[in-house]
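Biologist: Could you take me through one part of this model up close? I'd like to start with a pair of packed helices in chain A, and then hear how the chains touch each other.

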Amino acid sequence: MNKLSSYSIRDIHKAYRDKTLNPRCLIDQCLDRANKTKELNAFITLTPQVAHEQSLRCQERLQSSKKLNLLEGISVCLKDNFCTENIRTTCASNMLKNFTPTYNATIYSKLMMAGACLVGKTNLDEFAMGSGTVDSIYGPSRNPWCYNDNWRIAGGSSGGSAVAVSSGSSVVAIGSDTGGSTRNPAALCGIVGLKPTYGLVSRYGLIPLVNSMDVPGVFAKNVDDAAITLNCIAGPDDLDSTTIKSAFKPISIKEDFDISNLNIGIPKEYHCKDMSIEVIECWQFVTDLLEKLCKVSCVSLPHTSVSIAVYSILNQCEVASNMSRYDGLEYGLRAKTNYSTEELYATTRSQGFNNVVRSRIFGGNYFLLRQNYEKYFLKAQKLRRLISDDFENVFNGDNKVDLLLTPTTLSDAPLYSDFTAKNNRDQCALQDYCTQPANMAGIPAISIPVKLSKNKLPLSLQLMGPALSEELLLNVAKKIEALVNFPVLEFNQYLNKN
Amino acid sequence: MSFRSSALVRRRIYLHRIFYNCFRYYCKVPITPVATLESDNIPKPNIDINTVALLERLSLVRFDTEQGVKVLEDSIEFANKILHINTDNVQPLYTVLENQSLSLHIDAVTQGNCQKDILKNAVITEDDYFVAPPGNIPLHEIEEKESDIQRNENRN
Amino acid sequence: MRSKFLYKYLKLHKRYSSQIAKKWQSVVGLEVHAQLNTESKLFSGAQNTFGGLVNNCVSLFDAAIPGTLPVLNRKCVELGVLAALAFSCRVNEVSTFDRKHYFYADLPAGYQITQQRAPLANDGVINFQVYTPGVHKKPYNKSSMIKQIQLEQDSGKSLHDIELKQSLVDLNRAGAPLIEIVFEPDLEDGEEAAALVKELVLIVQRLGVCSGRMEEGALRVDANVSIRREGDPLSTRTEIKNIGSVRGVASAVRYEIDRQQSVLENGGNIINETRMWDAAAKVTVPMRDKEVVQDYRYMPEPNLPPLRVNLTTREDTQDIISVPLISDRIPELPAVSRAKLIENHDLRPEIAIQLVNEPALFDFFNNLMNKKRNPTKVANLLLNDLLTVLNRRKIDVNNCTISVEQLDELTDMVLQKKINLDICRSVLEEIIGNRKSPFAIVDEKGWSLVTDSKEITEQCKRVFDDNPKLVKQYRDGKVKVLRALLGILSKTSDNKLDMSVASKIMEELLRK
């Protein structure tokens, strides 16, 4: 039964048809796995009752219907910043510890309609502000690879979702990706992490971090599963004015996809000074493999090195704005004071937000002050255009390339003790270096695990493509997946750590 | 002769591969990091107490500790690294969907009528209203009041 | 306390006013918020209504529930464009939304979505006439430039309970659609400001953009006031917020100009502050106790891509509104109505202004003039008789239930002298709130005027018989007594004779 954690969605559906497995049984196993791996702290809330009800309904449909949606009877979990009706949604923050939404995020409605079964809500950095899943009021999530007392971070901010999938508690999972929050933990946990084009997937019900960059992301053990999940959740939404209006054409992954005519770009600026040698070797390794199959070109995205600082300014500004709704009156934490509205707000917000959130609110308000607006905020928006234009040029200019191949992270998963020795800003500056430019430009990107490092930890690479190039991106990712044959994490590896 | 020549050939092939690989890696995945555009010549910003007080009032979070100010200064310093880059004649980008046209909804009542849902998560309500303490009392006034209290306590 | 203090200032001001060297000039600019006439809110599908069950006309978005997003209401754009076109604004092909941040209990998101950088429209103008009976002898023309028209959200409402030291917050109004019309500081005093607002109300009502009901807060006025001595730079300006009636605008601005003058004349300084008009006490009072630097930290609203409209063609899609199509929908505006009244009906400008100022009267007038009638008499009937009766009953003319058919019959009777004006008012009293025919009432009550010369002659003879002295005086050459005789005739006949006919007949009889 341990094998189940390596099953793809298609494998599971075959087992359903062959009657060697049923949804109820799969859900039980996922929940069992989640309970046995509690130490990894992937979940904030497990939802066994919801999952069981949904799985029973799947079972009925399985019996009555021939043609099933591919997500029917598939376990899924959601990062705890997606609103779920009658299931608390905390953002891993004291502020929303008591918040139980009365509505469902569009993405969750779509998954339920497709027959997926929710096993739980996963851990994250408070309000998704982080890159390690270490700043949660529910404690850090732990990387299942090489798990022992000196454990490693899961990456973040959607670390809980990554851990849930890589440790077999869920077949697929949903995260959010603002600067790399899906790709980063996917990379460190050795699974596939997809950040779709901005606006391809509805954000309605996703508690925002940076509205202009947030996208729901997909975690899966393989590219096929990621594509199936994307096909379910993508498409325009009347409730989100930032969804792309044209109808979504489902992606098909072709076994015989021909990549010989492609031109893959290697952007030189992604080799930055803090990148580990192993990561560079991994990057070289796949570049080498690809060069046998298609054209590979060296390209330049000149503004890459400033992107992280620009991202940092824009992030803080939107955070300052987005967080101003948390005041304790309508929902969330309310401090016990009633001298004045101002005092109530200030006390509530000081008790409800951690240091990271508070410092970003402060920084953002500083950059947005009348006298700083042009100097910082407008400057950052102008630089954002230059960064976005860099991508436009490599995808559409002279000597254009079809996709870009880069590392996802600068190293394999850091030790918790090393990681937390740095402050949040430096953590993000390092972890998001390769991932946030795609958010600045709104383009799709996918992280795929490639090989294990000397520490037996996953090393992953990222493919980026022009807006709405998901089909190409996923097909090429699938090719690379087949070439590198990344190992599956064995359950006993982390269950019997002693 | 034949042995030596085949060894030579093999050696030549080996050298060729190394050279070829090196050349290729140089070209495709750079061996050395590319220099950053960030400026490292940034003076440490210094945030005065008035700005901190203003930010605290505008943010309504308490952050005026030494550590808080340091984090803010650090954040500004990080931002200052990119101010020198020329952005003349560049239009700001606020959303990557700037070329889309905004969706409009038809004027009809499709939401609301959900008082229970609206009030459900409020800690305090009264007669179906949300409840707030008196407004328009600037934050620093409280602190003055608090410090007055402290002063009085000290006197006692 | 504060107002007492100010009264003192005013007294001082009067005492020293003789010493003033140069004349004071005042500069007034208005910002008007008008609630749009829509079914649903600006960015949500919740009902846009006045009143209603507390916190019920609220969508999750309006309560700023995390994760919810704004979707713009098409009708709001249409109404905004309609208003912009009516004020000859340049409608912008692309406009964008911004967040304006401040903390207030009835602003649940901590920011208001508005249009600061690229509004819906710019550069318009409003032309209006300033005429307050009793203040101005004659109307004069005035205009004020419009800087911009923007779409924005309304806030919720707080009820302040001073005793319990708390505010109760109702979000029914939160997110209701507004247009803000920002005027250049082109006005000189309160009467001009009031006249602008009155014209604005008329226009938005004509357009169907806004109910214009200031008493419900559907249209709210902020006034920026500053003064200077002739030739000097302007003093610091103050802003008076949320003035809720046309006369309130006149009084608040006048008060504020006087207050600023007395402060300056006494060597004081005007501080840049927001003040509130207390309509009951008739004073402006500061809204915040301390001068607080406001910094709204405007930021583009990232959840709303740019709003685009089609400026050139009549092609109209769900998301892109054709401005020329909206332009076709602009009705006749009040200025045109007034000009037409003056030109087509030869009315005096004051009468035209008064008629157009009351949309219901204006409609009555147009309907009544479908028949060939004396326009001035019809206008007077509406402006004097109808208004007097309604005022006596405290009925708003725009809620008056009298039908055109009723007025039509009544006007006929007045103009054909079947009844006189006294009886006309009595008939009006009788027909308010029902469908009774004025003919029938006059008939039933026997109120109709006698025009039959035979009967009038008989009645005249009766008066002569009863008043031989007066008749003699007349015949002796004291023609003035005709009036006395007519008065007696009128009295003895219970006002039922057509006196114009009667006076002719009586004169003829006396000369015989």
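Modeller: Sure, and keep in mind that this is a predicted model. Let's begin with the residues that meet. From α7(A) come Val223(A), Asp224(A), Ala226(A), Ala227(A) and Leu230(A), and across from them in α16(A) sit Glu470(A), Leu474(A), Ala477(A), Lys478(A) and Glu481(A). Sorted by class, the residues of this contact are six nonpolar and four charged, with no polar ones.

Now step back to the helices themselves. Helix α7 covers residues 223–233 of chain A and helix α16 covers residues 470–484 of chain A; the two pack at an angle of about 160°, and their axes are 9 Å apart. Angles over 145 degrees count as roughly antiparallel, so α7(A) is roughly antiparallel to α16(A). As for handedness, the α7(A) and α16(A) crossing is left-handed.

There's also an annotation to put alongside this. An unreviewed UniProt entry places "domain: Amidase" at residues 27–474 of chain A. In the model, that span is 38% helix and 14% strand, and its end C-alpha atoms lie 27 Å apart.

Next, how chain A meets chain B. This contact takes 71 residues from chain A and 57 residues from chain B. On the chain B side, the elements giving two or more residues are α1 (2–27), α2 (49–59), α3 (66–80), α4 (115–120), β3 (129–132) and α5 (139–155). Of these, α3(B) gives the most, with eight residues. By class, the side of chain B that touches chain A has 38 nonpolar, twelve polar and seven charged residues.

Chain B also touches chain C. Here, 36 residues of chain B are in contact with 47 residues of chain C. Over on chain C, β2 (72–73), α2 (74–86), β10 (166–170) and β17 (307–310) each supply at least two residues to the side that touches chain B. The largest share, five residues, comes from β10(C). That side of chain C divides into 24 nonpolar, twelve polar and eleven charged residues.

One last detail links these two chains through their strands. Strand β1 of chain B, residues 104–105, pairs with β2(C) in the parallel sense over two bridges. If you want a spot to zoom in on, try His105(B), whose bridge partner in β2(C) is Asn73(C).

Key. Residues numbered from 1 in each chain as written. Chains lettered and ligands numbered in written order. Predicted model: local features only at pLDDT ≥ 70, side-chain atom pairs only at ≥ 80, totals over all residues. Axes fitted to C-alpha atoms, helices over the stretch in contact; angles between N-to-C directions. Helix = DSSP H or I, 4+ residues; strand = E, 2+ residues; numbered from the N terminus. Parallel < 35°, antiparallel > 145°, perpendicular 65-115°, else oblique. Left-handed = near helix turned anticlockwise from the far one by under 90°. Contact = placed C-beta atoms within 7 Å. Nonpolar A, V, L, I, M, F, W, Y, C, P; charged D, E, K, R; others polar. Pairing = 2+ DSSP bridges. UniProt positions renumbered as here; feature names shortened; annotations may be inferred.
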